[in-house]
Protein chains: 2
Amino acid sequence: MILYVTNIYNYPFIQGKIRDSSILLENNRQIWVFINIRPTFEVKLNTNILKPTLPKGTRDFLPLDIKKRDFIFTTIRHHFKLFGYDAIETPAMESLETLMGKYGDEGDRLLFKILNNGDYLQGVSDDLIERKDSQGLIRQISKRGLRYDLTVPFARFIVMNRQNIKFPFKRSAIQPVWRADKPQKGRYQEFYQCDADVAGSSSLYYEAELIRLYDGVFKALNVPVVIRWNNRKVLYGIIETAGLVDEFQLVTVVIDKLDKIGKEGVKAELMAKNFSEDSINILFDMIECNHLEELMISMKSETGLKGIEEIKEVMRHLESSPMHNMLKLDATLARGLGYYTGCIFEVNAFGVNMGSIGGGGRYDNLTEIFGLKGVSGVGISFGVERIYDVMNELQLFPKEVSQGKGILISCIDTESFPYSIQIVDQLRSNNIACELYPEVAKLQKQMSFANESGFLRVALVGDNERSQGKVTLKNMETGNQEMVTVEELISRIKEHSL
Amino acid sequence: MILYVTNIYNYPFIQGKIRDSSILLENNRQIWVFINIRPTFEVKLNTNILKPTLPKGTRDFLPLDIKKRDFIFTTIRHHFKLFGYDAIETPAMESLETLMGKYGDEGDRLLFKILNNGDYLQGVSDDLIERKDSQGLIRQISKRGLRYDLTVPFARFIVMNRQNIKFPFKRSAIQPVWRADKPQKGRYQEFYQCDADVAGSSSLYYEAELIRLYDGVFKALNVPVVIRWNNRKVLYGIIETAGLVDEFQLVTVVIDKLDKIGKEGVKAELMAKNFSEDSINILFDMIECNHLEELMISMKSETGLKGIEEIKEVMRHLESSPMHNMLKLDATLARGLGYYTGCIFEVNAFGVNMGSIGGGGRYDNLTEIFGLKGVSGVGISFGVERIYDVMNELQLFPKEVSQGKGILISCIDTESFPYSIQIVDQLRSNNIACELYPEVAKLQKQMSFANESGFLRVALVGDNERSQGKVTLKNMETGNQEMVTVEELISRIKEHSL
């Protein structure tokens, strides 16, 4: 027998004081009980019910977080548009087929896999089941995974949509990605990536354009940065000139640590590998060389010379107008082992101790993994989560973004409520965001709501204001009050002179 | 033994003609092979590699799709801001704990569950695994799922963040949700929901505000709609007056079919349930009654009378200014079995044969399921996927949204390439979106790129233009050409008089 209480009027009756009750109908399946209660609207947590939680490594974003994040996204989106990088979107779920094997063994482990729906164990190998072989079973019970980055989906997108796009294809994407990394401060399992890439052109103009895109965005965000860049071919040429090309990957990895362990640390590591002092000296002379022409003279590598040529061409494309941020050619920049084959970029913010807030480069085989050869790509990425942290730390968010809400209309007289609604309608039809306190409550209650919600201004409406077609405008920061007409209110808000 | 080809210079060599090759280094772990090739940049699909696919029920969005969808999202977002519904975001992944049991058995089945990472089979019940009990095993191998709607996460959000929010709390959310529904035309496994809700106030002003929000958005989208509304208490009162309250849910379900099976169909279904003709007549007299005052007279239910009172109050709050769309009180509107307890809304577009493109209502126990009682909520939802279909069908997207790209700078003379870059920089620093064809290619090639990419204007730059500080502006629709200075180009784009 199940007890129903009508869902027409389901006040939080358990919290309410029961004043009367009657059984209206009874049969063998259900009883309808009407309970006359005095509802209580107190907010109390019933400790018998499990307190909800979020999966580790995930976050809720409150309105103020969203406003600040939106400021970053909007700025970047605006520049993507200016520069002609059209937004596309790919689904959060991709075939595991598409994702697996693209990020190394570690990546495969960190992919979130989605359990097949329905009777997913039907037909799986008894052998795997009996041995409880978790890894072996994955592909039999899961055929989908969550996007791990935006680059592999972009490559898949190009291959699948190549009939509907025209090369060179410039695209941007701002979407969340998911990684089962161990969560820690500043590292989440769900976070946004923000990329701009060109596919299908090997023109070095795009390297220059992407540097300008970085420059424009960080200028607009008011985050002073240094944009470091290099060319993988130059790095290769230096290593080749030093006679260490047979250990290219190893040497690259060690050089990449320069930032962290310093020159002496890198030298020590290279010595430990039994490389000759001669080689190591050539290596350092060259990566520390500050003049491209000098580097060119010492470069004994065809690939390296091609890299220098590429750098010079990009620099020519940048001559048209001055940059706002510092651009620094840095022969030590390696950007890990990645798939980069030409220019590489990395952006660091001045004034904070944080890793790079952007990076990218050229990769010559974007879509080869999906069978489409000859599509060269170059792209950059904005580390929006870190940019957010930098801007918070340096207090770079504009006042209107980091501060609270605009204006609250506050009605303190029942007869004036319709007049208050009229004002609200009028403001909104003038494109002015505002809110109405939804009932005629005591002034003190409404003021404390306005304060705690972060409203900057309150327009008080009572009998007196209504009879004059005015409102009493209160500045919540200074406490100042003045009576103004609704028209005056509107024009002052529009002129930002409130 | 593994074969490496250096990733420094990895042209699509397999497609290239091999001219020479040499083994540089050989040891027991790897061979470095240098291959001198003539790279081919032809785009060919290698059929040996699996053609990538998307999971069923998911989609890629191409730039034009995104532009049109963005027009809808931007319009809605603008109105959310005007009306004070602050955006929040919740993660795509929620604890299964949070999601399970909230959407009925069907919903539980349709939830996408995420496989635990690592050795997920370790420690699971031998019994379940031996019986291949897929359903029984779920909770042991999966603790996370993908968001199924925006309402349950909102309820969880309120409970978890209640120290940081102030009631009444107005929030909006535009995020994708995932359901393992059978994909079909217009139904996807990943799609956007778009909600505005107020939590923690039972003021009926919000019902009026949300109706106005619908009105404002659909006016701005230029989609003429009828906003139908009703109050669950009225529906309950009618059923109670007809003496059918003991079968309330059944009667509601049948009435909900009025749209589909018509009055006679509904009557027949009710007759088949052996309800008295008297009851059925009362029912129909009342739901077809067009006058609130008449309905009030025939209403023999306290709950029903309260519902009528609520409707009248909402109508009073709507008197302040006229609406743009039709608002229709409809006593037959039931909106399924849902959790609604007061006003309910549904929006239909004129001129297309499609289901509702919006809906919502008041629910008195938003957060009770997570132990927080007494939080009344009222909210509306925009069916963005359907709104998109309606606007496509009725061709309601503004021209500047549905048409292609703006302006392409096209350089046909090597010496003029730096001048072309200057123009691009100048346009962009004037906030004008533009693109540069990235190399000095033949005019015909560049024009066909401009055409196929959908550029509306091309600014041609050659020796002649450069020497005069001008460009030749070509209208790609009419074919007209004229020479203008860069300043003129900028001012004409800004004045939309191109």
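**Entry 1: the two copies**

I began by superposing the chains, and a rotation of 180° with 0.0 Å of shift along its axis brings chain B onto chain A with an RMSD of 0.1 Å; the fit is by least squares on the C-alpha atoms of residues with pLDDT of at least 70 in both copies. The two copies are thus related as by a two-fold rotation axis. I then noted that the same surface serves both copies, since 99% of the contact residues of chain B recur in chain A, where contact means heavy atoms within 4.5 Å. In chain B, the residue that comes closest to the rotation axis is Ile114(B), whose C-alpha is at 2.2 Å.

For the record, this is a predicted model, in which local features need pLDDT of at least 70 and side-chain atom pairs count only at pLDDT 80 or more, whereas totals for chains, interfaces and linings use all residues. Residues are numbered from 1 along each chain as its sequence is written, chains are lettered from A and ligands numbered from 1 in the order in which they are written, and side-chain values use heavy atoms, with hydrogens and water left out.

**Entry 2: chain A overall**

I counted 19 helices and 19 strands in chain A, taking helices (H or I, at least four residues) and strands (E, at least two) as DSSP runs numbered from the N terminus. Of its 498 residues, 56% count as buried, that is, under 20% relative accessible area, with exposed over 50% and partly exposed in between (1.4 Å probe, protein chains only). The domain assignment, automatic or from a database, gives domain 1 (1–52), domain 2 (63–111 + 148–393) and domain 3 (404–494) in chain A. The C-alpha centres of domain 2 and domain 3 of chain A lie 51 Å apart.

**Entry 3: strand E10 of chain A**

I looked at strand E10 (residues 225–231) of chain A, where 7 of the 7 residues are buried, so the strand is largely enclosed by the rest of the structure. Val225(A), Ile227(A), Trp229(A) and Asn231(A) point one way from E10(A), while Val226(A), Arg228(A) and Asn230(A) point the other way. E10(A) runs antiparallel to strand E12 (residues 343–349) of chain A, with 7 bridges between them, and Trp229(A) has Phe345(A) as its bridge partner there. With strand E11 (residues 326–329) of chain A, E10(A) runs parallel over 4 bridges, and here Val226(A) is partnered by Met326(A). Strands are taken to pair if DSSP finds at least two bridges between them.

**Entry 4: the sheet and helix H16 of chain B**

In chain B I followed an open sheet of 5 strands in the order E16-E15-E17-E18-E19, with mixed pairing. Its edge strands, E16 (434–436) and E19 (481–485) of chain B, each pair on one side only. Strand E15 (residues 405–411) of chain B pairs with E16(B) in the parallel sense over 3 bridges, and Ile409(B) stands opposite Leu436(B). Helix H16 (residues 417–429) of chain B lies across E15, E16, E17 and E18 of chain B and runs at about 165° to E16(B); axes are lines fitted to C-alpha atoms, for helices over the stretch in contact, and angles run from 0 to 180 degrees between N-to-C directions.

**Entry 5: cysteines**

How many disulfides does the whole structure hold? I found 0 over all chains, a disulfide being a pair of cysteine sulfur atoms within 2.5 Å. The closest cysteine sulfur to that of Cys434(A) is in Cys411(A), 14 Å away and too far for a bond. Cys434(A) is buried, with a relative accessible area of 3%.
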